[in-house]
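Here are some worked exercises on one fold. Have the viewer open, try each task, then read the solution.

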Amino acid sequence: MFNFFRTQPKNYTDLNSEDFKKGMTATEAVLIDVRSAGEFQSGKIKGARNIEITSGTFMNQVQNLPKDKKYYLYCRSGNRSGQACAIMANQGFENLYNLEDGIMSWPYDIV
């Protein structure tokens, strides 16, 4: 009758660091860091754009992005970026990729 534990299917793909790095270098790829401005300033993946998920303007900022691009999102641990992917999927974005363990597991250079 009621299924309180039913989950919605994910409309994005979790990627490990290696696959994430390969994908984010494609010409149609957009790299988004959803952490706070302070976290972003402390170190980011080169080429990342900061759109903070906890800001009141997150929805407005992402709704203006072109839907034909591939979006690679990350945060500290993969949780907030997964939430951001789900929000974007609900807005009609189809090509969404989440760095599954976040920047904490990123073995490559950070700027």
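Which residues does Ser17 touch, not counting residues up to four places away in sequence?

Before you start: this is a predicted model, where local features need pLDDT of at least 70, side-chain atom pairs count only at pLDDT 80 or more, and totals for chains, interfaces and linings use all residues. Residues are numbered from 1 along each chain as its sequence is written, and side-chain values use heavy atoms, with hydrogens and water left out.

**Exercise 1: Ser17 and its helix**

Task: answer the question above, then work out how helix α1 sits in the fold.

Solution.
- Step 1. Contact means heavy atoms within 4.5 Å. With that cut-off, Ser17 touches Leu99, Ser105, Trp106, Pro107 and Tyr108.
- Step 2. Ser17 lies in helix α1; helices (H or I, at least four residues) and strands (E, at least two) are DSSP runs, numbered from the N terminus.
- Step 3. Ser17 counts as buried because its relative accessibility is 11%, and buried means under 20% relative accessible area, exposed over 50%, partly exposed in between (1.4 Å probe, protein chains only).
- Step 4. The buried residues of α1 (residues 17-24) are Ser17, Phe20, Gly23 and Met24. Down the axis of α1 they fall within an arc of 130°, so they line one face of the helix; the arc is that of the directions from the helix axis to the C-beta atoms.
- Step 5. That buried set packs against β1, β2, β4 and β5.
- Step 6. At the N-terminal end, Asn16 caps α1, with a side-chain oxygen 3.2 Å from the backbone nitrogen of Glu18.

**Exercise 2: the sheet**

Task: in what order do the five strands of the open sheet come?

Solution.
- Step 1. Two strands pair if DSSP finds at least two bridges between them. The order is β1-β5-β4-β2-β3, with parallel pairing.
- Step 2. β1 and β3 (49-50) are the edge strands, each pairing on one side only.
- Step 3. Three bridges join β1 to β5, and Thr13 stands opposite Tyr97 in β5.
- Step 4. β4 has five bridges to β2 (residues 29-33) and three to β5 (residues 96-99). Ile32 has Leu73 of β4 as its bridge partner, while Tyr71 stands opposite Leu96 in β5.
- Step 5. Four of the five residues of β4 (residues 70-74) are buried, so this strand is largely enclosed by the rest of the structure.

**Exercise 3: the cores**

Task: which residues have the most contacts inside the largest nonpolar core?

Solution.
- Step 1. A nonpolar core is a set of buried Ala, Val, Leu, Ile, Met, Phe, Trp, Tyr and Cys residues joined through side-chain atoms within 4.5 Å.
- Step 2. The largest has 17 residues, and Val34, Leu65, Tyr71, Leu73, Met88 and Leu96 have the most contacts inside it.
- Step 3. α3 (58-63), β4 and α4 each supply at least two residues of this core; α4 gives the largest share, four residues.
- Step 4. Another core, of 14 residues, lies apart from it and has Met24, Leu31, Tyr74 and Leu99 among its members.

**Exercise 4: a helix-start residue**

Task: is Ala37 buried or partly exposed?

Solution.
- Step 1. Ala37 is found in helix α2 (residues 37-42).
- Step 2. Ala37 is partly exposed, as its relative accessible area is 40%.
- Step 3. Leaving aside neighbours within four places in sequence, Ala37 is in contact with Asn50 and Glu52.

Notes. A polar contact is a pair of N or O atoms within 3.5 Å; within protein, one must be able to donate a hydrogen and the other to accept it, and residues adjacent in sequence count only if both atoms are side-chain atoms.
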